[in-house]
Amino acid sequence: MPPSSSTLSVDWSYYVQTLSSGGYIKGLIACCTWFASLTGIAIEVYAICLCLCVVDMVLGTYAAIRQGRFSLRIFQRGVMKFIVYGVYILVAAAVQIVLSKTISIDVPMVGWIIAYLGANDALSIMANARNLGWPMPKLFQTIIVRVTHGVEKQAMSALDAIDTKDTDEHNGYRNGKKR
């Protein structure tokens, strides 16, 4: 509660406490705004990319649970996607700033990365919507099926290779030979 107007002394602790409440959120917003100003991209673009990531994560988890294919390993990779996307954007921003400041070349690295990540998540959202049985234009269905099958094939072969290696090493095998 703010100090009453009848007192002449100022209670600074109230104002400091009020300003510091939610300090982490305010600090995060300030850092994001500052970062956006460095890269020349509006903060709304970053917010849209984050929203696409969240919607993709929620729809993907819901579709997997509904279809009985939920995997904690895949869920963990989905969560790690947020961190990896952040690192991609930071590296692209660093390259963009270094090129801009050292040799005066304005290359929109962050814009390209965010456009790629946003398109990637948008395709994933459409694939999850198709898996949930939501209506979708035939052209989108064809694109999603072709892209999804290629990615799933590569991911499954990589996961199978990891699982085989883990199982073999657990059973005393290394590189296909018993130790």
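**Exercise 1.** Decide whether Asn-128 is buried or exposed, and place this residue in its surroundings.

*Solution.* Start with the cut-offs: buried means under 20% relative accessible area, exposed over 50%, and partly exposed in between, with a 1.4 Å probe and protein chains only. Asn-128 has a relative accessibility of 11%, so this residue counts as buried. Next, find the element: Asn-128 belongs to helix 5, residues 109-131, where helices (H or I, at least four residues) and strands (E, at least two) are DSSP runs numbered from the N terminus. Finally, list the partners, taking contact as heavy atoms within 4.5 Å: once neighbours within four places in sequence are set aside, Asn-128 touches Asp-56, Leu-59, Gly-60 and Ala-63.

The model is predicted, so local features need pLDDT of at least 70 and side-chain atom pairs count only at pLDDT 80 or more, whereas totals for chains, interfaces and linings use all residues. Residues are numbered from 1 along each chain as its sequence is written, and side-chain values use heavy atoms, with hydrogens and water left out.

**Exercise 2.** Determine how many disulfides the model contains, and explain the result for Cys-53.

*Solution.* A disulfide is a pair of cysteine sulfur atoms within 2.5 Å, and by this rule the count is 0. Cys-51 is in no disulfide, its nearest cysteine sulfur being that of Cys-53, 9.3 Å away. For Cys-53, the closest cysteine sulfur is in Cys-49 at 4.8 Å, which is too far for a bond. Cys-53 is also buried, with a relative accessible area of 3%.

**Exercise 3.** Describe the fold of the protein chain in outline.

*Solution.* Count the elements, which gives 6 helices and 2 strands, and then read them along the sequence as α-α-α-α-α-α-β-β. Of the 179 residues, 20% are buried.
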